[in-house]
Amino acid sequence: YAWGSENVTKKVRILDVVYNASSNELVRTKTLLKNTIIQIDAQPYKQWYLKKFGVELGKKKKGDKKEEAAEEAEKMSRHVVFKQKARASKQKLDPAVEEQFQSGRLLACIASRPGQCGRCDGYILEGEELAFYKRKLERKKKA
């Protein structure tokens, strides 16, 4: 799955089918179709983000001292540390996407037409599209 704003693609596990515009029956039977909204595992993206920016996603902000101790455990060259700090200073992440990283599940859309093997390509939902589908899911929960 592709993470558009970060320009990175990772192979991830599909966890659940959460929304399909055409029918709720397809959600109940967990059928994978094009443009179905699914939940995917966030772990590969967390690991990539940690390596690239030196920032661990999905952590609460309370344990600052513990974070520093854990950061010291992994030895990194001075050059790598400065490179990560420079990247992190220019980087800002959408709060809605960051909230999803805390649960360990990301909402994504299937862009390809999946076949028999269950492999499919797609992209992580961000911005207006993510807000739209979150509203749809909230409405679905209330009903």
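These legends go with close-up views of a predicted model.

**View 1. Two cysteines that don't pair up.** There are zero disulfides in this structure. Take cysteine 117: its closest cysteine sulfur belongs to cysteine 120 and sits 8.7 Å off, so the two are too far apart for a bond. To count as a disulfide, the sulfur atoms would have to be within 2.5 Å. Looked at from the other end, cysteine 120 is in no disulfide either, and its nearest cysteine sulfur is that of cysteine 117.

**View 2. Cysteine 117 and cysteine 120, buried or exposed?** Cysteine 117 comes out at 67% relative accessibility, so it counts as exposed. Cysteine 120 has just 9% relative accessibility and therefore counts as buried.

**View 3. Glutamine 39 in strand S4.** This strand covers residues 37–41, with glutamine 39 in it. Polar side chain or not, glutamine 39 has 18% relative accessibility, so it counts as buried. What does glutamine 39 touch, leaving aside its neighbours within four places in sequence? One set of contacts is Arg13, Ile14, Leu15, Asp16 and Val18, and the list also includes Arg105, Leu106 and Leu107.

**View 4. Helix H2 and the glycine after it.** Helix H2 runs over residues 43–53. Its buried residues are Pro44, Tyr45, Lys46, Trp48, Tyr49 and Phe53, so a lysine is listed here along with the aromatics. In an α-helix, residues three or four places apart point the same way, because each turn takes 3.6 residues. Following H2 comes glycine 54, with a positive phi near 70°.

Note on methods: Residues are numbered from 1 along each chain as its sequence is written. This is a predicted model: local features need pLDDT of at least 70, side-chain atom pairs count only at pLDDT 80 or more; totals for chains, interfaces and linings use all residues. Side-chain values use heavy atoms; hydrogens and water are left out. Buried means under 20% relative accessible area, exposed over 50%, partly exposed in between (1.4 Å probe, protein chains only). Helices (H or I, at least four residues) and strands (E, at least two) are DSSP runs, numbered from the N terminus. Contact means heavy atoms within 4.5 Å.
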